[in-house]
2 protein chains.
Amino acid sequence: MAGRAAEPEVIWARPERTGRGPRPAYTRADIAAAAVRIADAEGLDAVTMRRVAAELGCGTMSLYNYVPRKEDLYELMVDAVAGEHELWEPDGDWRAAMVRVAHQSRALMHRHPWLPRLMSPVYGFSPSSLRYLEHCLACLDPLPAPYGTKLELIAMLNGIVTTYVTNELATAERTRSLPWSQERENAIRIAYLGGRIATGEYPRMAAAFAEDAGPIDLEAVFERAIGRMLDGFEPRP
Amino acid sequence: MAGRAAEPEVIWARPERTGRGPRPAYTRADIAAAAVRIADAEGLDAVTMRRVAAELGCGTMSLYNYVPRKEDLYELMVDAVAGEHELWEPDGDWRAAMVRVAHQSRALMHRHPWLPRLMSPVYGFSPSSLRYLEHCLACLDPLPAPYGTKLELIAMLNGIVTTYVTNELATAERTRSLPWSQERENAIRIAYLGGRIATGEYPRMAAAFAEDAGPIDLEAVFERAIGRMLDGFEPRP
DNA sequence: AACGCACTACGTACGTTGTACGTAACTACG
DNA sequence: CGTAGTTACGTACAACGTACGTAGTGCGTT
């Protein structure tokens, strides 16, 4: 009897290797790397059990020896790329550290555009995620606040980063599997929006679009959002 | 030739009724209401084309006369519940208005726990969404800032609300289709986390969990987050 | 040394999904 | 009045996650 799948289970709690039986042909890292490779190259929807198995060069059902459910494969992927976070020695400036963390996370999500979609329910229990969280807390040591507040700060930071990068990537990851281009879809949506605004039903939106602000600097928008958020945690004098 | 599906299309741009042909048996509102009813009662994963058709009492493929792709069905759903937003006459206090909007959105998402999952790529082009956006801008009239900033504020507000409610609902909507209870899954995850922390590898997380803060008041956490965010947009003296 | 059991590997098969396609009935416009 | 465009819907297909059964393998125990 191989499959124990009818129980809730945290994949990190099951040992990667127990003594008995033949040597597994792959490690979790191998599997995660294969899945990440596929997702990076072809989008998250291309990550199917069959496709990952093919990438590894094994039968589809062999994957289930390593990963009881597909959801757990996603956890492996998140953990793998969370490991790309650089964890440095804190230097006493918690604000600068949080800004740095935010930029790192943003870069990570741009490198792996499927990541935001897997982060919606907080998956933060994988080894790499725990290390990342502990590192954030270490960076926040200089902030005079209870841990509850610090956890709120980290949650808010992650939430904002995810939200903003999702918007930045917009339909990019979503349209990966569609037969038409992102530009084409965007053009059609913009055209429709323009038509709606032209009806005069939405005067303020019309004004907003008329307000010529030049090309939008997404990085600057992101930076401002993070700064505003951190303002709310600055110790009151 | 019935289906024109191989083109990018905004469902709101296609008229609900053209002159020719038999009278459609249902309206878009009927279809959206049916889908929302199913999602509310059985979770988003229960919303399949077959199930919605059955709920309406028609054949599966008849749905495609109204909705070219399943994604458009989602748009109908989002629009339907976005219409539940109460749009009042602004009274000059933009901060209070934004807090009120945030609480309304939060309540909406608690009433329809599947909503956050459909909001990740900003679907904000439906009629109700446009009305909502215009109303937010109207509330922000008293704020001395360019429209660009106001749009940033609204985006940030929506993002934070979505993030926080997603965390509040946590696995609630996700586990809807799983054969075990949410409590059981949570208990197992917490137990695992406790084990990891007990290793001493994560001293600050251990301290965070040891810090006895009593039961967490999620509404208060939410309120604080919104407040901190709005602080960042307060005009500087 | 040898036995047995726990494990790996994987082919087959089932149920479910979105939806392309073809056909028949119907109605407004020329 | 025809005819073109529309609605209705049954059939069918490809792709998905994964349950299950079987065969082979090698560690732990005797």
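In this predicted model, a polar backbone atom of Gly59(B) sits 3.3 Å from a phosphate oxygen of DNA strand D. Ser62(B) also reaches the backbone of that strand: a polar side-chain atom of Ser62(B) is 3.2 Å from a phosphate oxygen of DNA strand D. Asn65(B) addresses a base instead. An N or O atom of the Asn65(B) side chain lies 3.4 Å from a base nitrogen of DNA strand D.

DNA strand D is surrounded by 26 residues. The closest come from both chains: Arg50(A) and Lys70(A), with Ala25(B), Met61(B) and Tyr66(B). Sugar or phosphate makes up 53% of the strand D atoms within 4 Å of the protein, and bases make up the rest. The surface near DNA strand D counts 12 nonpolar, nine polar and five charged residues.

Now DNA strand C. Here too 26 residues surround the strand. Ala25(A), Met61(A), Tyr66(A), Arg50(B) and Lys70(B) are the closest. Of the strand C atoms that come within 4 Å of the protein, 54% are sugar and phosphate. By class, the surface near DNA strand C holds 12 nonpolar, eight polar and six charged residues.

The polar contacts to both strands are set out below.

| Residue | Protein atom | DNA atom | Distance |
|---|---|---|---|
| Asn65(A) | side-chain N or O | base nitrogen, strand C | 3.4 Å |
| Met49(B) | polar backbone atom | phosphate oxygen, strand C | 3.2 Å |
| Lys70(B) | polar side-chain atom | phosphate oxygen, strand C | 2.5 Å |
| Gly59(B) | polar backbone atom | phosphate oxygen, strand D | 3.3 Å |
| Ser62(B) | polar side-chain atom | phosphate oxygen, strand D | 3.2 Å |
| Asn65(B) | side-chain N or O | base nitrogen, strand D | 3.4 Å |

The two protein chains also meet each other. Chain B and chain A each bring 60 residues to the contact. About 5,700 Å² is buried between them, and carbon and sulfur atoms give 62% of that area.

Charged and polar pairs cross this interface. There are 12 salt bridges between chain B and chain A. One of the salt bridges joins Asp231(B) to Arg236(A), with the closest N and O atoms 3.2 Å apart. Polar contacts link 20 residue pairs across the interface.

On the chain B side, six helices each supply at least two of the residues that touch chain A: α3 (70-82), α6 (127-139), α7 (147-169), α9 (182-198), α10 (203-210) and α11 (218-231). Of these, α7(B) gives the most, with 12 residues. The chain B side divides into 33 nonpolar, eight polar and 19 charged residues.

Notes:
Residues numbered from 1 in each chain as written. Chains lettered and ligands numbered in written order. Predicted model: local features only at pLDDT ≥ 70, side-chain atom pairs only at ≥ 80, totals over all residues. Heavy atoms only, no water. Near = heavy atom within 4 Å. Polar contact = N/O pair within 3.5 Å; in protein donor to acceptor, adjacent residues only side chain to side chain. Nonpolar A, V, L, I, M, F, W, Y, C, P; charged D, E, K, R; others polar. Contact = heavy atoms within 4.5 Å. Buried area = accessible area lost by both parts, 1.4 Å probe. Salt bridge = Lys/Arg side-chain N within 4 Å of Asp/Glu carboxyl O. Helix = DSSP H or I, 4+ residues; strand = E, 2+ residues; numbered from the N terminus.
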